[in-house]
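Trainee: I would like a close look at a single part of this protein. Please take one strand and walk me through its surroundings.

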Amino acid sequence: MSAIACRPTVFYINRDIDLPRRERIEQNFAACRIEAKRIPGINGRDLPEELRGLFPPSRLKDGEVGCYASHMRVWQQIVSRDLPYALVLEDDAKFDESAIALVGDCLANLPEGWDYVHLDGRPRRKRFAYRPILKLRDDRYLVRYLRIPDGTVAQLVSNRGARKLLRDVPRSNPVDVDVRMPWRWGLDIYGVSPAPFEQADFNSAIHTLGGNSRHRSWSGSGYRSPSSFLYNLKKLGPYWWSRCALEMAARKLARSMSRRRPAAGKQNASAAP
């Protein structure tokens, strides 16, 4: 199947008050010659009736509740329209024609039964270890992550994946945290590295509504909880799980040593006559 034949339905989330974001991303769509359906972002202080019961009082901030509910609204669209899959973007997604072509290539090569594909990344020193599954265009790879990168700026979601994520259970984590725990939802999740989508230089809409809850005490790594350990061991296989775990440990040690060196240099300088 060709990458062109695999072009998905595209949704993007955008609050009514965020007109500059809407104008920028629609210009991006026009430049790439694709059509996209806007999903109005939900205000976390004014949830739709059908979603209120899923967000009991918690440490989540209003912006995080609204972001999560907005993604749920997209998942509902995928299910109600019986779409096989969709590309879901937040309004600060940054991309070009090569990213859209990569999505088609990804869809043409994904193994049967996939639920979710993480597609966005942001510049950082910290990288995420993965097992390469197959090579895609532009020297990118379809991968299995040991620990899924944070963010929900761009993702592919299948109909089956949307149904799993719409389970009738209370939500007490930000949406990007829940997605990073696929064992909780039974998700078969992949990624693309290097990521084809980036985050545009906008202030986070979540920050304008109280910031992040910093509810990050979950065991989301590839080896910090029995559930994550068993999930990743199954998905990566023993060899790649061990290799990725060692890679992450080596990077963590290197970061720790690099932080200590400047501190040691300052102490030596202050002790000098």
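**Strand β9 and its surroundings**

Mentor: In strand β9, the residues I189, G191 and S193 point one way, Y190 and V192 point the other way, and all of them are buried. Put as a count, five of the five residues of β9 are buried, so the strand is mostly covered. Keep in mind that this is a predicted model. Its pLDDT averages 87 over the protein, and 84% of the residues score at least 70. One stretch to treat with care is residues 216-220, where the pLDDT is below 50. In the model that stretch still has 14 contacts beyond near neighbours in sequence. Where pLDDT is low, predicted coordinates should not be read in detail.

Now place the strand in its sheet. The sheet is open, has eight strands and mixed pairing, and follows the order β2-β1-β3-β8-β5-β9-β7-β6. Its edge strands are β2 (37-40) and β6 (130-135), each of which pairs on one side only. On average, neighbouring strands here are turned by 30° against each other, with direction ignored. In the order of the sheet, β9 stands between β5 and β7.

Take the β5 side to begin with. Strand β5 covers residues 116-118 and β9 covers residues 189-193; the two run parallel and are joined by three bridges. Within this pairing, Y116 stands opposite I189, and V117 stands opposite Y190.

On the other side is β7, residues 141-145, which pairs with β9 in the antiparallel sense, also over three bridges. Here V143 of β7 stands opposite G191. V143 has a relative accessible area of 0%, which is under the 20% cut-off, so V143 counts as buried. Leaving out residues up to four places away in sequence, V143 touches Y190, G191, V192 and S193, and also Y130, R131, P132 and I133. The group from Y190 to S193 belongs to β9, while the group from Y130 to I133 falls within the range of β6. V143 thus has contacts in both of the strands that stand beside β7 in the sheet order. V143 and H118 are 25 residues apart in sequence, yet their C-alpha atoms are 9.6 Å apart in space.

The loop between β6 and β7 deserves a glance before we leave this side. It holds D138 and D139. D138 has a phi near 60°, a positive value in a residue other than glycine, and phi of D139 is likewise near 60°. D138 is partly exposed because its relative accessible area is 45%, between the 20% and 50% cut-offs. D139, at 55%, is over the 50% cut-off and therefore counts as exposed.

The end of β9 has a feature of its own. The peptide bond from S193 to P194 is cis, with omega near -10°. P194 is found in the loop that connects β9 with β10 (198-199).

Go back across β5 and you come to β8 in the sheet order. Q155 lies in β8, which spans residues 154-158. At 1% relative accessibility Q155 is under the 20% cut-off, so this residue counts as buried. Its side chain reaches the backbone oxygen of T152 at 3.0 Å. Beyond its neighbours within four places in sequence, Q155 is in contact with Y116 and V117, among others. Those are the two residues that stand opposite I189 and Y190 in β9. The contacts of Q155 also include A86, L87 and V88, which fall within the range given for β3 (85-90).

Further along the sheet there is a helix. Helix α1, residues 19-32, lies across β1 (9-14), β2 and β3, and runs at about 160° to β1.

To finish, set the strand against the whole protein. The protein has eight helices and ten strands. Of its 273 residues, 50% count as buried, and the five residues of β9 are among the buried ones. Among contacts between residues at least 6 apart in sequence, 79% join residues at least 24 apart. The accessible surface comes to about 14000 Å², and 50% of that belongs to carbon and sulfur atoms.

How values were computed. Residues numbered from 1 in each chain as written. Predicted model: local features only at pLDDT ≥ 70, side-chain atom pairs only at ≥ 80, totals over all residues. Heavy atoms only, no water. Pairing = 2+ DSSP bridges. Helix = DSSP H or I, 4+ residues; strand = E, 2+ residues; numbered from the N terminus. Axes fitted to C-alpha atoms, helices over the stretch in contact; angles between N-to-C directions. Contact = heavy atoms within 4.5 Å. Buried < 20%, exposed > 50% of the residue type's maximum accessible area, 1.4 Å probe, protein only. Polar contact = N/O pair within 3.5 Å; in protein donor to acceptor, adjacent residues only side chain to side chain. pLDDT = per-residue confidence, 0-100. Areas by Shrake-Rupley, 256 points an atom, 1.4 Å probe, with all protein chains shown as cover.
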